[in-house]
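The following note is offered as a colleague's reading of the structure below. The points move from the chain as a whole to selected elements and residues.

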Amino acid sequence: MVRSELHQGLEGVTVAETSCSRVDGEAGELLIGGVPVEALAANATYEESVFLLFEDRLPTADELADFRADLATRRDIHADVRAVLRRAAEEEASAMDALRMGTAAATLGTEDCSQTATARRVVAVFPTIVATYWRYRQGEEPIDPRTDLGHAANYLYMLTGEEPNEADVRGLETYLNTVIDHGVNASTFTARTVVSTESDLVSAATAAVGSLKGPLHGGAPGPVLDMLRTVHERGDPEAYVREKLAAGERLMGFGHRVYRVRDPRAAVLSSAAERLYAASGDDDFFETVRAFESVAVDALAEHSTDRRLETNVEFYTAALLDGIGIPQALFTATFGVSRVAGWMAHCREQRTDNRLVRPVSRYVGETDRTWTPVGDR
């Protein structure tokens with residue numbers, strides 16, 4: 001019998017062609033829709049990034065205005081979805097559980113179920129689902145979305161009830177653009193696998209949320225923030241790093257499955273965080289973050305000589321989202337608010353030239369068992 005080559009976790013296996021993003025782990029480069037992430041994240045609105053992924057080009061001014069207005073009209077969620085989110089909040093379900101529940105019911109009350117309409121609908125309602133759940137979790141009534149605010153600004157508005165300042169909006173916009181897509185990662189592969197069966201986009205998004213919930217994919221920024229707060233309170237980053245490494249513990253926010261150098265998204269988000277904290281006039285915490293990164297990278301280089309563990313996207317995600325005022329419990333859900341556009345773009349690609357995703361496994365079990373009636377066992 002011919003034994004198939006084993007690639008655990010499908011590592012190194014090319015499973016799709018895409019124009020959504022190109023990840024170069026050796027060079028530390030990321031293109032989103034052909035645009036370097038540094039340029040896109042710092043300049044685009046989230047709606048421009050979504051349009052780029054959906055249409056494989058940047059929109060004109062008129063196209064952007066129409067696209068933004070169309071997304072804004074799709075933000076409301078059905079009363080039954082609100083009831084589910086209220087119940088989830090009352091039972092203290094996690095934000096990702098609430099997002100999964102809300103996503104599954106995202107198209108309730110909608111008449112246009114075409115692929116284009118559904119993709120836009122799913123992107124538009126993610127912030128509303130998360131913000132509605134969070135308001136209920138805080139014992140407050142949800143805030144209706146506004147159509148006159150951009151995607152990022154509206155999300156912040158629905159969380160707080162206050163129109164956000166320009167610095168916070170730009171900070172969140174930069175984050176949403178930075179993490180909107182990243183190759184065929186676990187959640188994106190999940191979404192593509194679902195639609196490869198000729199299932200629907202809502203099912204694909206719901207499955208992708210379940211994948212993103214896992215701490216090995218989308219859950220690291222929360223623990224990173226806990227670590228940074230502890231270091232800031234203690235005031236001695238070097239001592240903290242040495243203690244953790246001596247105890248054989250992992251430093252969250254360093255190392256990546258793909259990148260062998262500093263994650264390019266970390267550079268984008270560190271610059272965004274620096275601008276945000278400088279604008280706020282409260283940059284003591286960010287100075288600790290910078291100092292910690294420097295100490296940690298050097299210490300990790302000494303400790304892990306076989307592989308250099310550089311700063312990844314989660315490290316500065318924690319600092320940036322905290323500075324904006326996003327609750328720590330919503331960090332992963334906010335990641336989903338961004339990445340859902342990438343999921344939808346990949347699903348549309350999958351459908352264009354579809355082949356059922358069907359990898360094989362290597363059987364390692366017994367082969368000589370015989371059947372014995374239950375009474376004789």
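1. Burial and status of the model. The coordinates are those of a predicted model. Of the 377 residues in the protein chain, 50% are buried.

2. Secondary structure and overall dimensions. The protein chain contains 16 helices and three strands. Its radius of gyration is 22 Å, close to the 21 Å that the globule rule gives for 377 residues, so the chain is as compact as a globular protein of that length. The C-alpha trace extends over about 75 × 60 × 45 Å along the principal axes.

3. Contacts and surface. Among contacts with a separation of 6 or more in the protein chain, 76% join residues 24 or more positions apart. The accessible surface amounts to about 18,100 Å², and carbon and sulfur atoms supply 47% of this area.

4. Charge. The protein chain carries 39 positive and 59 negative side chains. The centres of these two sets are 5 Å apart.

5. Cysteines. A disulfide is a covalent bond between the sulfur atoms of two cysteines. The structure has zero disulfides. For Cys20, the closest cysteine sulfur is that of Cys347, at 9.7 Å, which is too far for a bond. For Cys113, the closest cysteine sulfur is again in Cys347, at 16 Å, and this is also too far for a bond. The surroundings of these residues may be set side by side: Cys20 is buried, with a relative accessible area of 1%, whereas Cys113 counts as exposed at 53% relative accessibility.

6. Helix α7. This helix covers residues 151-160, and nine of its 10 residues are buried. The buried residues include His151, Asn154, Tyr155, Tyr157 and Met158. Against which elements do the buried residues of α7 pack? They pack against α2 (46-55), α6 (115-137), α8 (166-178), α15 (313-324) and α16 (331-352). Just after α7, Gly161 adopts a positive phi of about 85 degrees.

7. Helix α2. As one of the packing partners of α7, α2 is itself mostly covered, with eight of its 10 residues buried. Those buried are Tyr46, Glu47, Ser49, Val50, Phe51, Leu52, Leu53 and Phe54. Glu47 therefore counts as buried, under the 20% limit on relative accessible area. Asp56, just after α2, takes a positive phi of about 60 degrees.

8. Gly34 and its relation to α2. Gly34 sits in the loop between β2 (29-32) and β3 (35-36). Is Gly34 buried or exposed? Gly34 is exposed, with a relative accessible area of 55%. Its C-alpha lies 9.2 Å from that of Leu52, and the two residues are 18 apart in sequence. Leu52 is one of the buried residues of α2.

9. Thr334 and its relation to α7. Thr334 belongs to helix α16, which is another of the elements packed against by the buried residues of α7. Thr334 is buried, with a relative accessible area of 0%. Which residues is Thr334 in contact with, leaving aside its neighbours within four places in sequence? These are Tyr155, Leu172, Tyr175, Leu176 and Ile326. Tyr155, a buried residue of α7, is 179 residues from Thr334 in sequence, while their C-alpha atoms are 9.5 Å apart in space.

Definitions and conventions: Residues numbered from 1 in each chain as written. Predicted model: local features only at pLDDT ≥ 70, side-chain atom pairs only at ≥ 80, totals over all residues. Heavy atoms only, no water. Helix = DSSP H or I, 4+ residues; strand = E, 2+ residues; numbered from the N terminus. Rg over C-alpha atoms; globule rule 2.2 N^0.38 Å. Buried < 20%, exposed > 50% of the residue type's maximum accessible area, 1.4 Å probe, protein only. Contact = heavy atoms within 4.5 Å. Areas by Shrake-Rupley, 256 points an atom, 1.4 Å probe, with all protein chains shown as cover. Lys, Arg positive; Asp, Glu negative; His and termini not counted. Charge placed at Lys NZ, Arg CZ, Asp CG, Glu CD. Disulfide = S-S within 2.5 Å.
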